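Good morning, colleagues. Please take a moment with the sequence and the structure, and then I shall go through the model.

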Amino acid sequence: MREPLVPLVPMSHTAHIRSHRKPRRNAPSLAMRAGVAGGVLSTLAVAAAAGSASAAEPVTQTMELPTLTADLATQVAQSADATQQTAANYELQAERDAAAAKAAKQAKADLADAKQKAEVKQKAEAARKAAAAEAVSRSSARTVLSTSASTSTNVAAPASGSVATVIAFLKAQVGDAYVMGGTGPNAWDCSGLVQAAFKQVGVDLPRVSQDQSVSGTPVSLSNVQVGDILYWGSAGSAYHVGVYIGNGQYLDAANPGKGVVIQDLSGYPATGAVRVL
């Protein structure tokens, strides 16, 4: 009977050398290694905890952001309030400036209105005084004119000659407007009309009634003739002139309400007369 075969295990060529043999693991070595491993794990745990702590720090910072954001919001709100207050102040100042300008404009208008009213009042007073003087003049001259009118009522304007030319020109202007300072051709004042009429026959009279009242030869109202210049007021300071056209009538540029008209001497007696033709 054959013996069973024993399997051969190949050995290292250095196995017979004690120093080259792989040491066997004994219990103390394992315990030591377990301790080392535990220490490593503890270290890793500590490191992990530290890492976790370090990783938690941003969370702490993140938690502080709402506080910073709230402060910033407060500052923005305060800045907005300040801006709004500044805008309100500017608007209030603008309103005050506008009110001041409006008040100044109104004051200027009121002053101009007051000046205008004062001028109107002065003119009215001057007109009243002139009317009073005119009434006195009419009263003093009425008696003289009543005689002169009776003696000259039947005097007619001559049919030809220089006087006729003057009278024809004057009558052609009847109906024209009265304008202070007017010298024609469609608007006149009293002396402008008289000057233009006599210029038709080559007589160059002064422009204003004061000077016309002393131009030519003075004649009494009882001897007045057609073509004579009549004046109201004293000689040299007359305030109105016209031309006698016969039949107790005269032609003049009366006033803005009447214009150029023919009137009766009895209704508005003259003060004096001068003859230039």
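β6 and β7 form a hairpin with six residues between them, and G259 in the turn has a positive phi of about 75°. Helices here (H or I, at least four residues) and strands (E, at least two) are DSSP runs, numbered from the N terminus. The two strands of the hairpin, β6 (249-253) and β7 (260-264), are antiparallel and share five bridges; a pairing requires that DSSP find at least two bridges between the strands. One facing pair is Y250 with Q263 in β7.

Before going further, I should say that this is a predicted model, in which local features need pLDDT of at least 70 and side-chain atom pairs count only at pLDDT 80 or more, while totals for chains, interfaces and linings use all residues. Residues are numbered from 1 along each chain as its sequence is written, and side-chain values use heavy atoms, with hydrogens and water left out.

G257 also belongs to the loop between β6 and β7. Is G257 buried or exposed? Its relative accessible area is 74%, so G257 is exposed; the cut-offs are under 20% relative accessible area for buried, over 50% for exposed and partly exposed in between, with a 1.4 Å probe and protein chains only. Between the C-alpha atoms of G257 and A177 the distance is 8.5 Å, although 80 residues separate them along the chain.

Let me now place the hairpin in the whole. The protein has four helices and eight strands, in the order α-α-β-β-α-α-β-β-β-β-β-β along the sequence. Of its 277 residues, 26% are buried. Among contacts (heavy atoms within 4.5 Å) with a separation of 6 or more, 57% link residues 24 or more positions apart.

I turn to the interior. In soluble globular proteins, nonpolar side chains tend to be buried together. A nonpolar core is here a set of buried Ala, Val, Leu, Ile, Met, Phe, Trp, Tyr and Cys residues joined through side-chain atoms within 4.5 Å. The largest such core has 26 residues, and those touching the most other members are I167, L170, W188, L193, V194, F198 and I229. At least two residues of this core come from each of α2 (162-172), α3 (190-199), β4 (229-232), β5 (240-246) and β6. α3 gives the largest share, six residues. Separate from this core is another, of 11 residues, including V224, L230, W232 and Y268.

Which residues of α2 are buried? They are V163, A164, V166, I167, F169 and L170. An α-helix has 3.6 residues a turn, so residues three or four places apart point the same way. The cover over the buried residues of α2 includes β2 (187-188), α3, β5 and β6. Beyond four places in sequence, W188 touches F169, Q173, D176, A177, Y178, V179, G182, T183, L193, A196, A253 and V260.

Next, Y268, a member of the other core. Y268 sits in the loop between β7 and β8, and counts as buried because its relative accessibility is 12%. Its C-alpha atom is 9.2 Å from that of W232, with the two positions 36 residues apart along the chain counted as their separation. As for β8 (residues 272-275), three bridges join it to β3 (residues 217-219), and the two run antiparallel; P218 has V274 as its bridge partner. β4 and β8 are likewise antiparallel, with three bridges, and L230 is partnered by A273.

Two serines deserve a word. S191, in helix α3, is buried at a relative accessible area of 5%. S209, in helix α4, is buried too, at 6%. Leaving out residues up to four places away in sequence, S191 touches R207, V208, S209, Q212 and V241. On the same basis, S209 is in contact with S191, A238, Y239, H240 and V241.

Finally, the largest pocket, with a volume of about 270 Å³. On a 1 Å grid over the protein atoms alone, a pocket is an open set of points where a 1.4 Å probe fits, with protein on both sides within 12 Å along at least five of seven lines, and lining residues have an atom within 4 Å of a point. Of its 14 lining residues, Y178, M180, D189, C190 and Y239 lie nearest the centre. α3 and α4 (209-212) each supply at least two residues of the lining. By class, the lining has seven nonpolar, five polar and two charged residues.

Definitions and conventions. Grid points are joined across faces, edges and corners, and a volume is the space filled by probe spheres set on the points. Ala, Val, Leu, Ile, Met, Phe, Trp, Tyr, Cys and Pro count as nonpolar, Asp, Glu, Lys and Arg as charged, and the others, Gly among them, as polar.
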